[in-house]
Amino acid sequence: MSEPDRADQQRRGPRRFISGVVEGFYGRPWTMEQRTELFKREQTWGLNTYLYAPKDDYKHRMYWRDLYSAEEAELLVALISAAKQHSVEFIYAISPGLDITFSNPKEVAALKRKLDQVKAFGCRSFSLLFDDIETEMCPADKRAFSSFAHAQVAVTNEVYQHLGGPETFLFCPTDYCAAFCTPNVSQSSYLHTVGENLLPGIDILWTGPKVVSHKISVESIEEVSAVLKRAPVIWDNIHANDYDPQRLFLGPYKDRPTGLIPKLRGVLTNPNCEFFPNFVAIHTLATWCKAAGGAEPRDVEMGDEEEDPRYSPHKALTLALADWLQEFLSTDQPAGPRGPRLRKGLADEEPMQTDAYAPRPDDNPLYTAEPLTLEDLRLLSELFYLPYEHGPTARTMLQELDWLRSHSQAAASGPDQVRGRSPPRSPPAGAPQAAEWRSRAQRFDGMCDAVVQMFNRLSNAPNRSVLYDLYNYICDIKSGVGLARAYVKTLGGHGEPSAQLMNTDPEPWGFRGGLSGEFQRMLPCHGNRDLFKRPPTTAVYCVRPCLPGDEMEVQRIFKEMQRSGDERVSRVRQPPLICDSLSAGDISPSPQCALVMEDDAGVCGYALALTDAKPAAAKVQRVTSEDFPSLVTVQVLPRVTDPSPVKRMIGWLLSSIKSSGSTGAFCELRRGDRRMLDFYSKLGSFRPRDVADLPQDILSMGTSL
Ligand code: GDL
């Protein structure tokens with residue numbers, strides 16, 4: 001810092017830690033009422049800044065050159081003044097990077113003109129953002145500047161000086177996280193140029209190691225600060241959900257040690273697109289910020305069970321949820337659809353009158369909703385926790401479902417009482433596993449029920465604005481939990497297999513996800529990118545296309561499994577299955593329809609298919625049906641106990657068959673082959689079908705595509 005700068009800073013006094021919210025996500029921007037409500041909350045919780053940067057606001061990015069109309073100006077003036085009233089610093093950001101020509105003075109003049117206009121609205125703090133833009137410069141800029149960083153820095157410095165060197169002026173680099181730096185942070189020539197040439201009064205935004213950073217360490221900030229020659233302001237995307245319509249983040253601010261606070265210039269969170277569900281994100285950030293300078297968070301006992309002695313995410317969450325509960329229970333909706341905006345319109349109208357109604361003794365009792373509880377909100381938060389972590393209850397549910405699935409043999413071998421509601425009075429000897437399975441299945445069912453009850457109580461909460469922002473997400477999780485619950489009941493042998501799971505013509509809510517869901521199901525690696533730690537499995541399997549050298553292995557497995565089939569049956573001569581010729585190598589599988597799986601010891605299973613099974617069927621004097629023209633066969637060695645790689649092979653085959661235009665696939669099994677029978681039944685998609693003239697000990701199962 002130069003002498004005059006240092007003197008200037010001394011005159012202004014120590015700069016406060018910037019803390020608050022950046023409205024910097026893609027999609028529908030918040031309303032003016034919501035922003036005003038945000039300022040109130042920030043003031044109450046001790047946050048001091050709001051960065052106006054809604055990506056899809058026309059005049060912030062796409063049409064950045066256009067001046068605001070008189071009406072827009074009125075709204076912005078009111079907003080800037082509302083921020084002031086609540087002691088929140090309003091920073092106006094502009095994103096000219098989509099199409100600015102840095103070297104064209106007219107462009108720079110347009111930028112200055114726009115910011116001058118906003119300055120005239122009462123705004124004193126500004127920001128230039130160059131995130132998410134093309135890094136290739138146009139020919140004119142290439143001639144004028146030695147690099148993209150030089151171009152950005154030149155324009156930013158000029159605008160900053162034009163505005164009189166505002167006390168707060170933020171710059172968002174194009175390489176705004178470590179993952180974007182080439183070859184890395186300390187050797188990034190882009191960041192070095194920015195660090196060395198950007199005027200010292202300008203602060204720099206940084207999202208951490210990644211765009212959505214799981215953790216931000218003190219060391220990583222020290223590294224980037226050395227290059228930038230200043231402490232960065234974190235633009236934190238930990239609660240941002242604009243990249244996936246199925247996600248919402250209601251977990252606490254987390255995995256940023258409070259030791260960062262003295263190393264940073266500030267933290268702004270860019271949270272969920274939906275305004276109201278951000279209560280936890282912003283409240284817990286405020287608690288985190290209070291950990292600075294030894295100030296103890298409100299009512300938070302200093303950490304015991306967690307690493308950071310100044311901040312406990314768990315306790316911060318509890319504080320936030322307790323306050324949030326009050327909001328749910330209030331009918332006062334300051335920024336909602338029945339808030340001031342509409343109230344103003346309705347001001348002259350008479351309130352609607354409804355006659356008080358009291359049921360007579362024989363009438364139906366009036367419906368009275370149970371009130372929402374703190375535990376409901378904790379469960380909600382745990383189901384929609386953080387981008388790299390599910391909440392504890394969600395983790396338990398996943399682990400339990402995984403256990404129930406992989407131990408479903410125990411359920412099947414247990415006494416038939418699993419069908420009844422109550423456990424057997426005295427379990428027979430040798431059934432402890434079955435008893436454990438039943439009790440864990442019951443516990444899982446209880447957890448699913450808690451989600452449904454939470455959904456019911458939330459839907460009845462008086463504050464409709466908060467509910468509406470959450471509605472799609474809670475419907476989605478309720479439906480997902482419902483499917484898992486039905487699946488566990490099916491595994492446990494409860495009555496008819498769940499209509500939701502087994503129905504060949506399910507309602508649209510019986511399967512997830514529209515066209516995007518279809519694409520995901522077609523991709524063999526679907527699920528590989530799960531961000532969450534899966535419950536441990538014991539073996540690693542490789543599923544891959546069957547190569548010419550694998551044919552011997554496939555035939556070996558086929559023969560071995562034929563031999564070890566039901567001994568009693570194998571001694572008598574058995575009628576052949578349609579798929580035998582396929583497994584024995586007499587008929588070649590259709591293109592893209594042959595897979596094998598391997599474990600450490602080698603090939604341990606295969607899955608083969610014929611998109612048109614007619615020729616194979618003819619060999620054993622059978623006919624195929626129009627609905628199920630394709631044949632599937634799968635075989636695994638008994639050492640494979642994990643059903644998931646087998647499921648993956650079948651999923652892969654079915655998508656190949658489907659893309660060949662087939663409408664359905666079938667398989668044939670021996671009734672005595674309990675292992676494969678059990679396997680296909682549990683897959684869920686294959687159902688027994690009636691086929692005329694089938695030999696007595698053969699069963700056919702089909703799935704529509
Ligand atoms: C980004 C964008 C931000 C977006 C976020 C999450 C920055 C600096 N820019 O890269 O607008 O909301 O990802 O999708 O984070």
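**Group meeting: strands, sheet and ligand in a predicted model**

Let me begin with two neighbouring strands: E7 (residues 233–236) and E8 (residues 266–269) run parallel and are joined by 4 bridges. Strands here are DSSP runs of E with at least two residues, helices are runs of H or I with at least four residues, and both are numbered from the N terminus. Two strands pair if DSSP finds at least two bridges between them. This is a predicted model, in which local features need pLDDT of at least 70 and side-chain atom pairs count only at pLDDT 80 or more, while totals for chains, interfaces and linings use all residues. Residues are numbered from 1 along each chain as its sequence is written, and side-chain values use heavy atoms, with hydrogens and water left out.

Tryptophan 235 has leucine 268 in E8 as its bridge partner. What do the strands E1 to E8 close into? They form a barrel of 8 strands in the order E1-E2-E3-E4-E5-E6-E7-E8, with parallel pairing. From one strand to the next, the twist averages 25°; axes are lines fitted to C-alpha atoms, for helices over the stretch in contact, and angles run from 0 to 180 degrees between N-to-C directions.

I turn now to the ligand. Tryptophan 235 also appears here: an N or O atom of its side chain is 3.1 Å from an oxygen atom of the ligand. Such a polar contact is a pair of N or O atoms within 3.5 Å. Polar side-chain atoms of asparagine 237 and asparagine 270 lie 2.8 Å and 2.9 Å, respectively, from an oxygen atom of the ligand. Taken alone, the ligand exposes 360 Å², and the protein buries 94% of that (Shrake-Rupley method, 1.4 Å probe). Of the 14 residues around the ligand, those that come nearest are Gly24, Asp131, Tyr176, Asn237 and Asp242; a residue is near if one of its heavy atoms lies within 4 Å.

The second sheet is open. Its 7 strands follow the order E9-E10-E11-E12-E13-E15-E14, with mixed pairing. Strands E9 (542–545) and E14 (687–688) are the edges, each pairing on one side only. Strands E11 (residues 602–610) and E12 (residues 630–636) run antiparallel, joined by 6 bridges, and leucine 608 stands opposite threonine 633 in E12.

Finally, two points in loops. Threonine 182 and proline 183 are joined by a cis peptide bond, with omega about -5°; proline 183 sits in the loop between strand E5 (169–172) and helix H7 (189–197). Glutamine 592, although not a glycine, has a positive phi of about 65°.

Technical notes
Polar contact = N/O pair within 3.5 Å; in protein donor to acceptor, adjacent residues only side chain to side chain.
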